[in-house]
Amino acid sequence: MKSKYSIGFFTGALLFVLVLSAAYKISYDKQAIKLAKKEESIVTKGNAEKNKGYYICELNGYLVVYLSDKKTLYEMTDITMEKIPDELKKEIKRGKYIENEETLYGILENYSS
């Protein structure tokens, strides 16, 4: 007789756990769908602008890269002016304009040690 009660109790507990798990899964899925549909935006002051280029210049005997305004330092390098060919040195002393990041890093890669 005890065997019948224990089987019934086990079956009931199992059904309870299954129903509870299914309810949790449904609730979780609904919440995930709500989050996916919800769109968030961030409001900031100022204007976001695409960088309009870079300038390679010389600073204390090393190459440095400025943003297009020629004031904001973008990157300092360990490339000395001694490694640069003479014709390129003249351009760099005036500030060599580079249009995009790929070209910039191509040039820097050529002259890095």
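Begin by selecting K89 and D86, whose side chains form a salt bridge in which the closest N and O atoms are 3.9 Å apart. This is a predicted model, and the pair is a borderline case worth viewing with the criterion in mind, because a salt bridge here requires a side-chain nitrogen of Lys or Arg within 4 Å of a carboxyl oxygen of Asp or Glu. Both residues belong to helix 2 (residues 86–94), where, being three residues apart, they are separated by about one helical turn. Colouring by accessibility separates the two partners: D86 is exposed, with a relative accessible area of 59%, whereas K89 is partly exposed, at 22%.

Stay with the charged side chains and select K96 and E91, which meet in a salt bridge with an N to O distance of 2.9 Å. E91 counts as partly exposed, at 32% relative accessibility. A search of the whole structure finds three salt bridges, and the one still to be visited joins K25 to D29, with the closest N and O atoms 3.2 Å apart. These two residues are four apart in helix 1, which places them about one helical turn from each other. Both are partly exposed, K25 with a relative accessibility of 48% and D29 with a relative accessible area of 31%.

Next, remain on helix 1 (residues 2–37) and select F10, which lies in it. F10 is exposed, with a relative accessible area of 56%. Extend the selection to L14, L15 and L18, and together with F10 these residues make a nonpolar surface patch of about 420 Å².

Now switch to a cartoon of the whole protein, which contains three helices and four strands and follows, when read along the sequence, the pattern α-β-β-β-α-β-α. The four strands form an open sheet in the order 3-2-1-4, with antiparallel pairing. Strand 3 (73–80) and strand 4 (96–98) are the edge strands, each pairing on one side only, and the twist averages 30° from one strand to the next.

To follow the sheet strand by strand, select strand 1 and strand 2, which run antiparallel and are joined by six bridges. Here E58 stands opposite L63 in strand 2. At the hairpin of these strands, which has two residues between them, centre on N60, whose phi is positive and near 55°.

Move on to strand 2 (residues 62–67) and strand 3, an antiparallel pair joined by four bridges. Select Y66 and look across to its bridge partner in strand 3, L73. The hairpin that strand 2 and strand 3 form has five residues between the strands, and K70 in the turn has a positive phi of about 60°.

With the sheet still displayed, add helix 3 (residues 101–111), which lies across strand 1 (54–59), strand 2, strand 3 and strand 4 and runs at about 20° to strand 3.

Finish with a surface view of the protein, whose accessible surface comes to about 9800 Å², with 57% of it belonging to carbon and sulfur atoms. Of the 113 residues, 19% count as buried. If contacts are drawn as well, consider those between residues at least 6 apart in sequence, of which 40% join residues at least 24 apart.

Technical notes:
Residues numbered from 1 in each chain as written. Predicted model: local features only at pLDDT ≥ 70, side-chain atom pairs only at ≥ 80, totals over all residues. Heavy atoms only, no water. Pairing = 2+ DSSP bridges. Axes fitted to C-alpha atoms, helices over the stretch in contact; angles between N-to-C directions. Contact = heavy atoms within 4.5 Å. Patch = residues over 30% accessible without salt bridge, like charges linked within 9 Å, V, L, I, M, F, W, Y side chains within 5 Å. Areas by Shrake-Rupley, 256 points an atom, 1.4 Å probe, with all protein chains shown as cover. Buried < 20%, exposed > 50% of the residue type's maximum accessible area, 1.4 Å probe, protein only.
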